[in-house]
Amino acid sequence: MAATSAAARMTTTSLTPPSTPRLRMEPTGARRTLLDGAWWPRSTDPVAELPGLVLAIDKLRGPVTRLVLAAAGWDSHPRRLGLAGRVLRLGYFSSQPVSLLTAICGNDRIDLLVVPPNTAEGTADAAMVLAAATTNLVHAQHILLAVSTPTTRPIDGTAEDAWEAEGGRTGPTPTRAM
């Protein structure tokens, strides 16, 4: 049996009060959704960001007992987080997409899109709305691209002008006089 390091057994506690998370959850608690919602942290410091998120999920879906996070998405990787009189276990995995956080609440699993902290407000809001929709069919790692890709043609005509310059035509086809 391998010896457990002291750092792995150490419980980390935030020195500041939990912040109010920017969280949007699917309102019905439906189990047939791709994602249960989205979270937009203000930083990549798990000790500062996770307590507020966990307390918010506790109120909505029951006590969180474990979080599964992407190893690449955070500045540090504490394994145990003390909050609200309990110790929460954190797992960091390289196989977990950076854009996905999984919270375990008893026998329930909650999958949240994690919007990067430096995302523009409009893009972050659109991503959070899509992730929390019961009709969402876009996986977490593709949501930011889906909401930032333009879905309409430009109205200034530049695409058509470029096409005309390359030999294409938008107008009627000229007829040759014989």
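Reader: Which residues is L67 in contact with, leaving aside its neighbours within four places in sequence?

Author: Happy to start there, with the note that this is a predicted model. L67 belongs to the largest nonpolar core, where L50, L67 and L101 touch the most other members. Leaving aside neighbours within four places in sequence, the contacts of L67 are L50, V54, L88, R89, L90, G91, L101, T102 and A103.

Reader: Which element gives the largest share of this core?

Author: The core has 21 residues. The elements that give two or more residues to it are α2 (46-61), β4, β5, β6 (86-93), β7 (100-105) and β8 (108-114). Among these, the largest share, 4 residues, comes from α2.

Reader: How many residues are in the second, separate core?

Author: Nonpolar side chains tend to be buried together in soluble globular proteins. Here a second core, separate from the one around L67, includes L35, A38, L113 and A127. Its size is 12 residues.

Reader: Why is α2 described as largely enclosed by the rest of the structure?

Author: Let's look along the helix: the buried residues of α2 include P46, L50, V54 and I57. E49, D58 and R61 are on the buried list as well. The helix is largely enclosed because the buried residues number 12 of the 16.

Reader: What distance separates the end C-alpha atoms of α2, and what span is expected?

Author: The expected span takes 1.5 Å times one less than the number of residues. For the 16 residues of α2 this gives 22 Å, which agrees with the distance between its end C-alpha atoms, 21 Å.

Reader: Which residue caps the N-terminal end of α2?

Author: The cap comes from a side-chain oxygen that lies 3.1 Å from the backbone nitrogen of V47. Just after α2, G62 takes a positive phi of about 105°. The residue that caps the N-terminal end is D45.

Reader: Which residues form the aromatic pair, and is it stacked or edge-to-face?

Author: A search of the whole structure finds 1 aromatic pair. The ring centres are 5.9 Å apart, with 20° between the planes. Planes under 30 degrees apart count as stacked, so the pair W39 and W74 is stacked.

Reader: Where along the chain do W39 and W74 lie, and are they buried or exposed?

Author: The pair links distant parts of the chain, 35 residues apart. W39 is in strand β3 (residues 37-39), while W74 is in the loop between β4 (66-70) and β5 (80-83). With relative accessibility of 1% for W39 and 9% for W74, both count as buried.

Reader: Which residue has its charged end over the ring of W40?

Author: This is an arrangement of a charge over a ring. The charged end sits 3.6 Å from the centre of the W40 ring, and it belongs to R22.

Reader: What phi does A84 have, and is this residue buried or exposed?

Author: Most residues other than glycine have a negative phi. A84 is not a glycine, yet its phi is positive, about 50°. This residue lies in the loop between β5 and β6. Its relative accessibility is 62%, so A84 counts as exposed.

Reader: How far apart are the C-alpha atoms of S95 and A71?

Author: S95 is in the loop between β6 and β7 and, at 67% relative accessibility, counts as exposed. S95 and A71 are 24 residues apart along the chain. The separation of their C-alpha atoms is 8.3 Å.

Reader: What pattern does the protein chain follow along the sequence?

Author: The chain has 5 helices and 8 strands. Read along the sequence, the pattern is α-β-β-β-α-β-β-β-β-β-α-α-α.

Notes: Residues numbered from 1 in each chain as written. Predicted model: local features only at pLDDT ≥ 70, side-chain atom pairs only at ≥ 80, totals over all residues. Heavy atoms only, no water. Phe/Tyr/Trp six-rings, centres within 6.5 Å; stacked < 30°, edge-to-face > 60°. Buried < 20%, exposed > 50% of the residue type's maximum accessible area, 1.4 Å probe, protein only. Lys NZ or Arg CZ within 6 Å of the ring centre and 35° of its normal. Core = buried A, V, L, I, M, F, W, Y, C linked by side-chain atoms within 4.5 Å. Contact = heavy atoms within 4.5 Å. Polar contact = N/O pair within 3.5 Å; in protein donor to acceptor, adjacent residues only side chain to side chain.
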